[in-house]
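Dear colleague,

I am handing over the structure below, and after it I have written out what I found, in the hope that you will read the two side by side.

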Amino acid sequence: MATGSNDMPDHRKRNTFTSYVAPMAGDVRATADTNEWCLPSDLRDVHLATPRMLSGEQIVASAPAYMYSPIAPMEGSGNSNSSNSSSSTSNSINTSIGNGNGNGNNSSSSSGGANGQRYSRGGHKEATFGLLSVTNFKLAFVPLHGGQSAQSAPLASDLYQGNNFLGRNEVTLNNIDQIYTIAEQGRAASALQAARMAGTSSRRKKLEPAKQHNLNGRIVALHIICKNFRLLKFAFQQQDSKLSGASDYGKLIASALARFAYPMRHDLSFAYSYQEPYYSTLVGVSMYASKNDWARELIRCGATEWQVVSASSVPLLQNRLHASKYTLPPHFVIPKCCEVDRFLQLSLAFCDSRAAFWVYSYGSSAASLVRLAELQPSSQQDTKLENIMLELVRKCDERKQLKLIQLTDQLPSTQDVQRAYHKLRRLCTPETPEKFMLQDDKYLALLEKTNWLLYVSLCLRQASEAAATLRASVTCVLQESNGRDLCCVISSLTQLLLDPHFRTIDGFQSLVQKEWVALEHPFQRRLGHVYVSNSEQAADSEQSPIFLLYLDCVWQLLQQFPDEFEFSQTYLTTLWDACFMPIFDTFQFDSQAQRARAVSEGRLVLRPVWDWGEQFSEKDKMFFTNPLYQRQRGDLAASQNYRRSLAVGGQHKLLSTTGAGGPLATSSPSRYTINPQLFATQSTVPQDRYLQPSHRILDLSVWDQCYYRWLPVLDIRGGGQPQVDLFYRLMLSNIAKAQRCIDLQSFEDLPDAFYEAMGEQRPSQQSLRDQDQRQQEEPVEYVDGVERRRKTDPSAGGGASTANGLNVVNGGPMQLSTLSSFFPFGSPIAGDAPHELYDILSGSTELLLDTSSILDKSSIV
Amino acid sequence: MDATSSSADKLASKTASSNSLDSSSKSSSLGSKHGAENGQQRDTPFVYLDGEEDQDQKNDVTYVCPYRGPVFGALTITNYRLYFRSLPLRDQEPPVVVDVPLGVIARVEKIGGATSRGENSYGIEIFCKDMRNLRFAHKQQNHSRRTVFEKLQANAFPLSYSGKLFAFAHAAAAAQPSTANAAVSAGWDGWAVYEPLAELRRLGVPNDMWRVTKINEFYGICDSYPAVWAVPKAASDDFLRRVAQFRSRCRLPVLSWMNPRTQATITRCSQPLVGVSGKRNADDETYLSYIMEANAQSDKLTIMDARPSANAIANKAKGGGYESEDAYKNVEINFLDIHNIHVMRESLRKVKEACYPTTDDSKWQTAIDSTLWLKHIRCVLAGAVRIVDKVETMSTSVVVHCSDGWDRTAQLTALSMLLLDPHYRTVRGFEVLIEKEWLSFGHKFQQRIGHGDNKHSDADRSPVFLQFIDSVWQVSQQFTNAFEFNEHFLITIVDHLYSCRFGTFLCNTEAERVAEDLKHKTISLWTHINSSLDQYLNPLFPSFTHGAELVLRPIASVRAVRLWRGLYCRWNPGLCTPQHGCQRTRELLSKQDLLFKHVNELRLKLNNRSNNMQTTTRLASPMH
């Protein structure tokens with residue numbers, strides 16, 4: 001109370017980092033010694049547990065706290081698998097903690113806290129003790145482990161996704177959406193108990209960053225809800241009231257978060273503090289940051305009736321006075337039959353000056369996909385201008401036909417999407433097991449009430465309609481109020497349905513650059529990177545996860561066409577997480593102009609998110625590829641053609657100079673446009689690989705990997721998609737290995753499956769050594785001090801191979817078994833991702849990335 | 001032998017969710033060929049089964065198809081099936097075909113009278129056990145409806161009309177010694193799949209704690225139990241007789257499964273006859289302590305009562321009840337909250353309402369939610385997972401019962417055994433599991449399904465076994481590569497659960513089956529399945545032999561279970577979704593096999609050459 005409130009008004013004015021001081025390690029120790037309430041003996045070591053920091057990162061506040069594990073499998077079922085060793089250890093844990101719980105006394109907490117961990121009745125680890133820190137970049141929890149065992153857990157063999165900038169128990173401040181404070185309960189004996197009760201209590205209060213005087217009363221726990229569906233729960237130890245308020249750790253953290261997780265201006269974001277230089281290693285992604293990128297796309301699509309305009313070379317836009325009337329992207333494509341000045345004049349009538357922008361053309365007649373905003377409210381009575389605009393677009397179509405799809409009538413508003421997202425997230429972030437079961441009882445009805453799948457269904461429907469229009473060689477115009485939200489969704493989906501190039505990783509990233517970044521989806525407002533303070537309603541109406549809606553639609557396509565996409569669902573999930581990494585500029589800005597200003601004024605270092613090597617190791621990047629993807633021959637030829645035309649212009653150049661002589665003479669291209677007719681007349685997009693998805697709600701499902709991955713209670717250990725993916729990867733790696741053996745004429749390094757198929761023993765020394773080891777380990781086994789009776793294998797499984805018997809546990813060449821079904825997300829357990837996996841991964845990835853792979857070369861019988 | 005085996009390859013590549021019964025009729029080429037000739041008797045476009053004979057044939061019947069509207073065509077009724085084919089239409093559309101085994105029919109009703117007006121208002125409506133209704137319209141003038149109705153009644157409900165089920169006629173006609181011998185020698189014979197003693201031996205019984213007894217060889221002690229039991233060694237036969245008296249219908253605790261490694265067991269029984277007064281029985285208490293002591297790993301015994309606790313208490317009024325923790329030492333009792341057969345029947349009826357004939361996409365989720373079917377499935381799964389936890393994680397023995405121990409108990413024991421023991425996840429193992437836990441322990445199939453019986457509103461009918469198959473499907477969806485069989489295998493089992501073509505699911509108990517001599521007078525479903533195994537295999541299964549997790553713990557949450565559209569919604573052509581991925585799997589697997597063979601050849605060649613080299617060098621240098 002005392003120190004916090006004294007400083008407060010000062011802080012609110014300046015909002016800087018320096019006025020916040022992290023408690024010294026010494027302070028903590030002092031309270032620990034004097035307090036009647038027993039802190040864990042490790043507490044004096046809390047200062048050792050500092051989070052790893054980036055350059056430019058500063059600690060704002062830190063406090064000892066308990067972090068709660070998310071809702072775990074019922075009755076501790078998840079923490080052991082069938083293997084001998086682990087079941088025996090889990091037994092010992094169960095017995096040792098059974099007594100320390102449930103007394104609800106002051107002293108009870110110390111027995112559990114002795115090794116810094118607490119357990120619920122079922123033997124599941126309920127909370128971990130450690131140091132919670134708020135920095136200007138992230139909220140970090142560093143557990144204080146009882147021994148070195150936990151230290152050694154995240155080793156190289158851990159194949160779960162790691163991030164170079166974030167640890168497993170860390171979230172960026174950008175990711176934090178809502179914070180709930182749980183105030184002190186009258187008769188709660190311990191912090192843990194209070195936090196447990198908090199699920200039902202009315203003392204759970206939403207933290208309003210604008211009004212910090214809300215923070216009265218002691219805060220015993222915090223619930224933090226992240227934009228990526230993660231729920232973090234922390235509990236703080238209560239202090240004796242005689243002691244100063246400085247040790248009200250809950251309040252310390254809460255007020256630090258209130259200030260730093262909700263920046264009022266974007267330049268307070270960590271993006272500006274992180275000044276590390278960036279050296280691009282990016283190849284293959286079109287950034288659409290230059291005129292040439294657009295021109296290449298025009299050529300690839302064979303769109304001859306359109307021209308690229310760069311704002312920087314239009315004289316009118318050089319005039320400050322005039323330019324301020326427009327909110328145009330730096331480059332855009334307009335009908336060639338329209339003078340640029342005329343176009344600019346017309347565009348003033350439209351919201352955000354978004355008159356018809358070309359984005360894509362399909363088919364031999366190059367029917368175009370066009371994005372258009374609605375007329376400004378002031379000029380809505382007069383639809384003449386809109387008609388003129390549409391007439392200009394129509395002129396570009398070979399058959400002079402056009403279909404206008406008004407998205408505003410057909411699709412939810414941004415507010416609707418936000419509401420649906422909130423409801424969906426509530427279903428995915430239950431605070432207590434009781435809440436989880438309550439939701440579960442009415443789950444389908446609740447899911448329907450969120451409307452999320454309805455909106456996904458509507459988007460897929462509109463995209464299918466647009467794609468069908470283009471396939472019928474009719475130009476399609478998508479119209480939406482400002483042309484920057486659902487237009488992006490429908491336009492991108494349409495192109496995904498039509499064009500296999502966009503289903504490759506490079507192509508998909510180029511598509512996001514084109515539709516979302518270059519044509520300026522307002523990421524900053526929609527993702528809530530800046531907190532709008534003046535009124536709560538304004539903030540609500542601006543924020544909306546339109547991009548997540550798009551990713552969900554893509555995920556549904558991936559479910560319906562599992563072999564059509566080069567990327568995996570892991571890639572899509574990672575992309576949603578990447579939206580909250582301020583270090584990468586891709587999803588940080590509303591417009592290109594804003595980005596340019598940030599670079600010039602705020603000395604921001606631009607760092608595209610597509611350079612995944614910045615965030616992830618090689619093995620993490622491997623999970624971005626889909627093992628089922630088929631790079632069919634038709635597509636292969638086309639993409640190679642495409643690459644060639646990118647590099648040298650290809651043969652199209654020769655063809656077109658003769659063919660396009662006529663129009664060249666008539667329309668004189670002005671010096672600030674590139675005339676694509678100089679290069680090509682024919683689309684190089686293959687036309688036999690379009691997708692026709694189902695958009696019925698009953699054919700859609702919930703994106704479990706993205707939405708449920710923080711709920712271990714829904715983790716199917718050893719099941720789900722990852723297991724199937726691994727199976728495919730194993731097959732691919734076997735094929736690659738066998739092929740290599742044939743190529744090299746050496747048969748030393750054959751895959752295990754080969755020996756199994758041939759019914760042979762693997763002759764290598766490695767396995768012999770393994771067997772020796774196993775024999776040494778086997779003879780005696782103790783469980784809780786009782787020798788376990790070991791039965792000799794009673795002829796496991798009549799006639800079946802021994803692998804089907806019950807007794808083979810340690811044996812077998814590899815154990816692909818206990819991976820999380822959210823893998824590479826979800827929570828790893830010891831030894832569940834063995835090193836052999838890495839081998840399989842790299843083997844299969846080799847084959848997947850090799851475009852001229854043997855899979856395509858040799859026909860499969 | 002029949003259409004299914006001949007078109008096995010076609011089926012294998014098709015979606016697994018297709019109907020296993022009318023596999024031949026789905027191919028349109030067959031249809032167009034025979035469409036014009038439907039007037040002739042023996043040239044109908046389906047393949048007659050052995051022993052199948054025409055009963056009635058009508059050429060001027062309209063099938064009121066809920067999807068394509070009324071179609072005019074010919075109706076054939078045999079002693080096995082009802083078959084309708086529409087007359088060829090002008091626009092090259094494939095004809096509408098309805099092919100329903102009569103065993104599937106639950107109820108036949110006349111609609112409209114002589115005076116009813118309007119098109120297609122006079123005819124017959126057929127309600128099926130497999131989630132569909134069929135409506136045929138007849139002309140009022142020619143009395144065609146009467147004979148059809150009578151033939152349907154007589155052949156669909158033979159037991160109500162003192163006839164015999166088709167399975168007997170089928171087997172009698174198929175009884176050619178050559179085929180029967182072929183089945184036996186090829187190891188297909190379904191009646192030989194389950195050998196109680198061999199199965200017990202696989203589990204390590206008899207051993208120093210458990211013995212096998214044939215005390216019930218003539219079904220004298222318990223008429224709904226099998227002939228062979230495994231019981232604790234400490235219990236003598238006389239003792240067992242006394243214990244049986246304290247259990248409902250004498251169904252005393254008998255071994256279902258044992259973990260050969262830890263010796264934790266699953267035993268099953270019926271409720272104890274405690275009654276309102278809270279009777280105790282020293283023998284029963286001792287017997288349970290024997291079961292506990294047979295497992296050295298734990299000093300506790302867990303009783304899983306499948307019922308909701310309120311129901312268990314209510315059963316005391318009828319003389320039943322549950323074990324009190326005071327009377328039984330070291331026993332812990334849990335209630336698994338699974339509702340009774342009547343609740344399940346009602347729930348499935350609602351599922352049918354939501355799925356057939358049409359669905360409302362915008363209200364789909366709420367409609368499914370309100371059936372509560374998924375919630376019931378969740379309860380069964382959760383119960384099984386709890387049993388698995390006790391047996392595997394805690395190494396505690398578990399006793400499972402409900403009221404009579406033949407419905408919910410069978411679900412729980414069979415499902416938990418499936419989760420615990422990978423053997424039951426193979427085709428053969430699953431057949432054994434059904435034979436053992438469902439058939440030999442007396443799940444009353446005859447009563448629950450009502451084979452050949454016209455009492456369609458009988459309160460004893462209930463989809464208990466279907467619910468078990470659904471639960472298995474849920475597990476197979478969560479662990480895609482843990483099962484040797486595919487969805488089509490499960491659908492085939494459900495289809496022949498009703499069809500009465502095979503003897504497997506006839507009668508209520510093992511005693512009745514022996515009395516009826518089903519083994520010799522009917523064919524087993526497993527013979528049929530094992531003779532064309534390819535179409536029932538899951539291509540993803542091979543990966544599981546790589547030492548993958550042996551115990552499955554499915555997620556029992558409505559978030560993780562789904563409505564089985566491949567089964568419940570399969571009659572709606574709009575709801576069939578093509579399944580991807582399978583084709584690619586087969587491609588990759590065959591590619592891998594080809595390469596392996598190639599490698600092997602090359603390697604052998606290389607080995608031969610180097611062997612030759614070695615021998616030549618040896619010859620060349622005689623010093624060695």
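With 28 C-beta neighbours inside 10 Å, B:Cys402 counts as buried, because a residue is called buried once 20 or more other C-beta atoms lie within that distance of its own. Please keep in mind that this is a predicted model, and that every value in this email was therefore computed from predicted positions. In an unreviewed UniProt entry, B:Cys402 is covered by the annotation "active site". Along the chain, B:Cys402 sits in the loop that runs between strand 14 (397-401) and helix 14 (408-420) of chain B. Which residues does B:Cys402 touch, if those up to four places away in sequence are not counted? They are B:Asp305, B:Ala306 and B:Arg307, together with B:Asp407, B:Arg408 and B:Thr409.

Strand 14 of chain B also holds B:Val398, and this residue too counts as buried, with 28 C-beta neighbours inside 10 Å. Once its neighbours within four places in sequence are left aside, B:Val398 is in contact with B:Ile266, B:Thr302, B:Met304, B:Ile387, B:Lys390 and B:Val391. Although B:Val398 and B:Trp257 are 141 residues apart along the chain, their C-alpha atoms are separated by 10.0 Å.

For chain B as a whole, the model has 23 helices and 14 strands, and of its 624 residues 53% count as buried. If you take the contacts in chain B between residues at least 6 apart in sequence, 70% of them join residues that are at least 24 apart.

In chain A, I looked at one pair of helices, namely helix 18 (residues 486-498) and helix 19 (residues 505-518), which pack at an angle of about 150° with their axes 9 Å apart. How do helix 18 and helix 19 of chain A run relative to each other, roughly parallel or roughly antiparallel? Since angles over 145 degrees count as roughly antiparallel, these two helices of chain A are therefore roughly antiparallel to each other. Helix 18 of chain A passes helix 19 of chain A in a right-handed crossing. From helix 18 of chain A, the contact is made by A:Cys488, A:Ser491, A:Ser492 and A:Gln495, and from helix 19 of chain A by A:Leu511, A:Glu515 and A:Trp516. Sorted by class, the residues in this contact between helix 18 and helix 19 of chain A are three nonpolar, three polar and one charged.

With best wishes

How values were computed
Residues are numbered from 1 along each chain as its sequence is written. Chains are lettered from A and ligands numbered from 1 in the order in which they are written. This is a predicted model: local features need pLDDT of at least 70, side-chain atom pairs count only at pLDDT 80 or more; totals for chains, interfaces and linings use all residues. UniProt positions are given in the numbering used here, feature names are shortened, and annotations may be inferred rather than shown by experiment. Helices (H or I, at least four residues) and strands (E, at least two) are DSSP runs, numbered from the N terminus. A residue is buried if 20 or more other C-beta atoms lie within 10 Å of its own, exposed if 12 or fewer, and partly exposed in between; C-beta atoms are placed from the backbone. Two residues are in contact if their C-beta atoms, placed from the backbone, lie within 7 Å. Axes are lines fitted to C-alpha atoms, for helices over the stretch in contact, and angles run from 0 to 180 degrees between N-to-C directions. Angles under 35 degrees count as roughly parallel, over 145 as roughly antiparallel, 65 to 115 as roughly perpendicular and the rest as oblique. A crossing is left-handed if the near helix is turned anticlockwise from the far one by less than a right angle, and right-handed if clockwise. Ala, Val, Leu, Ile, Met, Phe, Trp, Tyr, Cys and Pro count as nonpolar, Asp, Glu, Lys and Arg as charged, and the others, Gly among them, as polar.
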